[in-house]
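Thanks for coming. Please have the sequence and the model open while I talk.

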Protein chains: 2
Amino acid sequence: MPEDPGRAPLPPGSTIGILGSGQLGRMLAVAAARLGLKTHVYCADSGPACDVATQTTRAGFEDCAALATFASAVDAVTFESENVAVEAARYLADRVPLRPSAKALEVAQDRLVEKEFIAELGIPVAPFLRIDGPGDMAAALVALGGPAILKSRRWGYDGKGQAGVTSPADAAAAWAAVGGVPAVLERRIAFACEISALAVRGHDGAIDFYECPRNTHEGGILRRSVVPAGLPAADLARASEIAGTVARALNYVGVLAVEMFYLGADIASEQRLMVNEIAPRVHNSGHWTIEACAISQFENHMRAVAGWPLGSTWRHSDAEMVNLIGSEALDWHRLAAEPGLALHLYAKREARAGRKMGHVTRLRGSPLR
Amino acid sequence: MPEDPGRAPLPPGSTIGILGSGQLGRMLAVAAARLGLKTHVYCADSGPACDVATQTTRAGFEDCAALATFASAVDAVTFESENVAVEAARYLADRVPLRPSAKALEVAQDRLVEKEFIAELGIPVAPFLRIDGPGDMAAALVALGGPAILKSRRWGYDGKGQAGVTSPADAAAAWAAVGGVPAVLERRIAFACEISALAVRGHDGAIDFYECPRNTHEGGILRRSVVPAGLPAADLARASEIAGTVARALNYVGVLAVEMFYLGADIASEQRLMVNEIAPRVHNSGHWTIEACAISQFENHMRAVAGWPLGSTWRHSDAEMVNLIGSEALDWHRLAAEPGLALHLYAKREARAGRKMGHVTRLRGSPLR
């Protein structure tokens, strides 16, 4: 059941709290503004979202006084990252609607809990085993039956906290590489490509989906998302169905991204998709929805959080989104001059290697290209 | 010649100052954010733009200390309204690039100066005469040869400061209605429809145009803008050419709107268009460019102000923009549920009669309609 279907939608002029100050928060704040909603960012360090938020509170997630003041200043709270302390989320949820829920956060921020949760729903995931120390690895590697990836259970993003493991001899180095913390060992999947499913669920339980993009990663970081993905329609429908199953099981409100491996059209149809991980938030692989869809993932997330009717996910153009990583954003002047290209820059102070500094979206089929 | 073609573009992370805090400033600030530019709003009273600006200064245009501090905190300045004190604009322009220039402001904020400027460029305007008191009206009415409209020279918007005059007996009432201030008397034009031309000119002199929308006013306030306008292509091209002539004559940087009367396809082609007024800023009749064009009027204005390459004005969809005036915005929940409708709300505190509270854009030709 939805969290509280009777609750009235928040009227324009209401304030949505956003935990986190990154680029996702920035684009959420901009989307909220279009709807006449104000935003209040809560963050330890100021970041891209602070430039456009109506208000900002700088404080840590352990600061209960700051959290209480924040809760009293907003009408609902959401987050732009799964790396929010669950205790802080629960503290806020006792005071003001938190959408999606702390439960979604809890599931998504621990890879072991996440994988067990998905597997229990009958959804295929890469075979995995719990690793509590380097000594667990040899047996796990045998049990998984092939090359594997060690992933820290918590605080991983953009490929951080991951290390390849092909033989027991790699165990110590891999354990050190992920930081010597509780982890999972996953069998490395030979996939044809990666896709993501993007669901949006309203607080009345209404659900809709964006078309699944095909994603390319480089060095653990998303490089490119393309729609259409060029896969059989039935497989894409199945991917959305999986995201819907996860969203309903979490009684989810907002945009939920589910990253999946597509194993190939030559595999039995019910085995072609395998969930890699879920993100309880708007997602980098959905940035193209700003230009190519009637209503973007950012606006639909904010509509859901505010208890509004969902907007149409209809896609009017083929699109390609490419991230600008590190120094690539220094090329902004040339990119700005490319006809029809939509250039998004996040105004991060420092263009560190591997840091997402912006993205570009090209609409295909436009006469400009 | 452009103001200073050699000046380097402002890099991402720069701050653009915006004079005024209304909905145009709000949409400019959001467009700037996408490009990684920060914004600093300067206004006497906080308004919709303050919710999304990186920073806000609340002070009057006569406050030189506040203006000086503001000038030192921004890398360029623009404005969202022609009702900015020219003295303040000149004070700022001495300290930081002001785009468009104080000259554009000066021409646009006095109807007499504006009409003389346009007429001197050889562009048709409605016949007009200067009115310095009610005693000037009888002779002017005879000279204009038909029903006329008295318009205050300054501070008019959305039909305010205007009064119809059909006989000398109306003189005293009309003079009182416009506030007893210097005015112009214009012959009332029997037009087939109204259109606007939207030019954008870069600080290197590059110029481009959005397709001209057909506009409908109600009670002096814009109600609806539609593209395509449904007029002969040659007439629309002529309208853009007129806007280009005005922009070049002003050595203009940014988006310039020129409102025109279209007298009808049965009129000699060089007489079909007559300029009503110019707006040295982004314009309500260009709001549909957010959804229907590659790059919106707001982003292109900010690109021009920052000295960036202009973005494509290419229109990918037919569109209709309708303003939400006064209590119409209270219907937000129904509008939010209309498939594919883009809803924009400005978060103004009070829905006063005649106040622009938001707008909606419908893309036509979408399968959703």
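I will go through how the chains are related, then the contact between them, then two sheets and a few backbone details.

This is a predicted model, in which local features need pLDDT of at least 70 and side-chain atom pairs count only at pLDDT 80 or more, while totals for chains, interfaces and linings use all residues. Residues are numbered from 1 along each chain as its sequence is written, and chains are lettered from A and ligands numbered from 1 in the order in which they are written.

First, the relation between the copies. In general, two copies of a chain are related by a rotation about an axis and a shift along it. Here, a turn of 180° with a shift of 0.0 Å along the axis lays chain B on chain A, and the RMSD is 0.0 Å. The two copies are therefore related as by a two-fold rotation axis. The superposition is by least squares on the C-alpha atoms of residues with pLDDT of at least 70 in both copies. Which residue of chain B comes closest to the rotation axis? That is B:Val52, with its C-alpha at 2.3 Å.

Next, the contact. Two residues are in contact if their C-beta atoms, placed from the backbone, lie within 7 Å. Chain B gives 34 residues to the contact and chain A gives 34 residues. Helices and strands in this talk are DSSP runs, numbered from the N terminus: H or I and at least four residues for a helix, E and at least two for a strand. On the side of chain B that touches chain A, at least two residues each come from α1 (23–34), α11 (332–336) and β16 (342–345) of chain B. The most come from α1(B), with 4 residues. By type, that side of chain B has 19 nonpolar, 10 polar and 5 charged residues. Nonpolar here means Ala, Val, Leu, Ile, Met, Phe, Trp, Tyr, Cys and Pro; charged means Asp, Glu, Lys and Arg; the others, Gly among them, count as polar. Of the interface residues of chain B, 100% are also interface residues in chain A, so the copies meet through the same surface.

Now the parallel sheet. Two strands pair if DSSP finds at least two bridges between them. In chain B, 4 strands form an open sheet with parallel pairing, in the order β3-β2-β1-β4. At the edges stand β3 (55–58) and β4 (76–79) of chain B, each with a single partner strand, so one side of each has no neighbour in the sheet. Neighbouring strands in this sheet are turned by 25° against each other on average, direction ignored; such angles are taken between N-to-C directions, run from 0 to 180 degrees, and use axes fitted to C-alpha atoms, for helices over the stretch in contact. Strand β1 (residues 15–19) of chain B pairs with β4(B) over 4 bridges, in the parallel sense. B:Ile16 has B:Ala76 in β4(B) as its bridge partner.

Over in chain A, strand β1 (residues 15–19) pairs with β2(A) over 5 bridges, also parallel. A:Thr15 is matched with A:Lys38 in β2(A). Between β1(A) and β2(A) the chain passes through helix α1 (residues 23–34) of chain A, a right-handed β-α-β crossover. Right-handed means that, with the strands pointing away from the viewer, the path from the first strand over the helix to the second runs clockwise.

How many residues of strand β2 (residues 38–43) of chain A are buried? The count is 5 of its 6 residues. Buried means 20 or more other C-beta atoms within 10 Å of a residue's own, exposed means 12 or fewer, and partly exposed is in between, with C-beta atoms placed from the backbone.

The other sheet in chain B is open and antiparallel, with 4 strands in the order β5-β8-β6-β7. Its edge strands are β5 (128–131) and β7 (162–165) of chain B. Between β5(B) and strand β8 (residues 183–187) of chain B there are 4 bridges, and B:Leu129 stands opposite B:Leu185 in β8(B). Helix α5 (residues 111–120) of chain B packs on this sheet, touching β5, β6 (148–152) and β8 of chain B, and its direction makes about 50° with that of β8(B).

Last, the backbone. The peptide bond from A:Val227 to A:Pro228 is cis, with omega near -5°. A:Pro228 sits in the loop between β12 (221–227) and α8 (233–249) of chain A. A:Asn251 has a positive phi, near 50°, and is not a glycine. With 16 C-beta neighbours inside 10 Å, A:Asn251 counts as partly exposed.
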